[in-house]
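Work through the following exercises with the sequence and the model side by side, and try each task before reading its solution.

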Amino acid sequence: PIKNSVLNRYYFGHVITEVLTNSYATKQTVLAKNKNLFPEDKIKVIYNGIDISNLPPLAKKSREFTLLNLGRLEAQKNQFFLKLFFS
């Protein structure tokens with residue numbers, strides 16, 4: 001859960017406009033230590049996985065792609081590996 005600290009209360013009250021989570025349980029942990037930290041309707045759940053059947057077909061093959069990473073910049077998330085692998 002997000003700590004109920006002065007810094008977190010400032011960020012969630014004045015800086016952050018929306019929060020994305022990958023499960024309902026994670027959404028609940030955002031507010032576990034302070035139910036007034038952030039409006040619950042501004043916390044959106046986007047489940048893992050992509051349904052590619054709804055994507056438009058590509059006009060041409062391309063070797064370029066966009067990689068999006070939502071997560072803490074921590075060693076356990078291994079973002080450094082992505083830089084090595086895709087460089």
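**Exercise 1. Find the aromatic pairs and describe the geometry of each.**

The structure, which is a predicted model, holds two aromatic pairs.

Step 1. Begin with Y10 and Y11, whose rings lie 6.1 Å apart from centre to centre, with 55 degrees between the planes. Planes under 30 degrees apart count as stacked and those over 60 as edge-to-face, with the rest called tilted, and the pair of Y10 and Y11 is accordingly described as tilted.

Step 2. Turn next to F12 and F38, where the ring centres are 5.5 Å apart and the planes stand at 80 degrees, so this pair is edge-to-face.

Step 3. Place the second pair in the chain: F12 belongs to helix α1 (residues 6-15), while F38 sits in the loop between α2 and β2 (43-45), so the pair ties together parts that are 26 residues apart in sequence.

**Exercise 2. Decide for each of these four aromatic residues whether it is buried, partly exposed or exposed.**

Step 1. Recall the cut-offs: a residue is buried under 20% relative accessible area and exposed over 50%, with partly exposed in between.

Step 2. Apply them to the tyrosines: Y10 has a relative accessibility of 44% and therefore counts as partly exposed, and Y11, at 37%, also counts as partly exposed.

Step 3. Compare the phenylalanines, where both F12 and F38 are buried. For the protein chain as a whole, 15% of its 87 residues count as buried.

**Exercise 3. Describe the largest pocket and the residues around it.**

Step 1. Start with the volume, which is about 840 Å³ for the largest pocket.

Step 2. Identify the lining, which consists of 19 residues, with L20, T21, N22, L70 and G71 lying nearest the centre of the pocket. The elements that contribute two or more residues to this lining are β1 (19-21) and α2 (24-30).

Step 3. Sort the lining by class, which gives nine nonpolar, seven polar and three charged residues.

**Exercise 4. Summarise the fold and the surface of the protein chain.**

Step 1. Count the elements: the protein chain has three helices and two strands, and along the sequence they follow the pattern α-β-α-β-α.

Step 2. Consider the contacts with a separation of 6 or more, of which 45% join residues 24 or more positions apart.

Step 3. Finish with the accessible surface, which comes to about 8,100 Å² for the protein chain, 57% of it belonging to carbon and sulfur atoms.

Definitions and conventions. Residues are numbered from 1 along each chain as its sequence is written. This is a predicted model: local features need pLDDT of at least 70, side-chain atom pairs count only at pLDDT 80 or more; totals for chains, interfaces and linings use all residues. Side-chain values use heavy atoms; hydrogens and water are left out. On a 1 Å grid over the protein atoms alone, a cavity is a set of points where a 1.4 Å probe fits but cannot get out, and a pocket is an open set with protein on both sides within 12 Å along at least five of seven lines; lining residues have an atom within 4 Å of a point. Grid points are joined across faces, edges and corners, and a volume is the space filled by probe spheres set on the points. Helices (H or I, at least four residues) and strands (E, at least two) are DSSP runs, numbered from the N terminus. Ala, Val, Leu, Ile, Met, Phe, Trp, Tyr, Cys and Pro count as nonpolar, Asp, Glu, Lys and Arg as charged, and the others, Gly among them, as polar. Rings of Phe, Tyr and Trp (its six-membered ring) pair if their centres lie within 6.5 Å; planes under 30 degrees apart count as stacked, over 60 as edge-to-face and the rest as tilted. Buried means under 20% relative accessible area, exposed over 50%, partly exposed in between (1.4 Å probe, protein chains only). Contact means heavy atoms within 4.5 Å. Accessible areas come from the Shrake-Rupley method with a 1.4 Å probe; for residues, only the protein chains shown count as cover.
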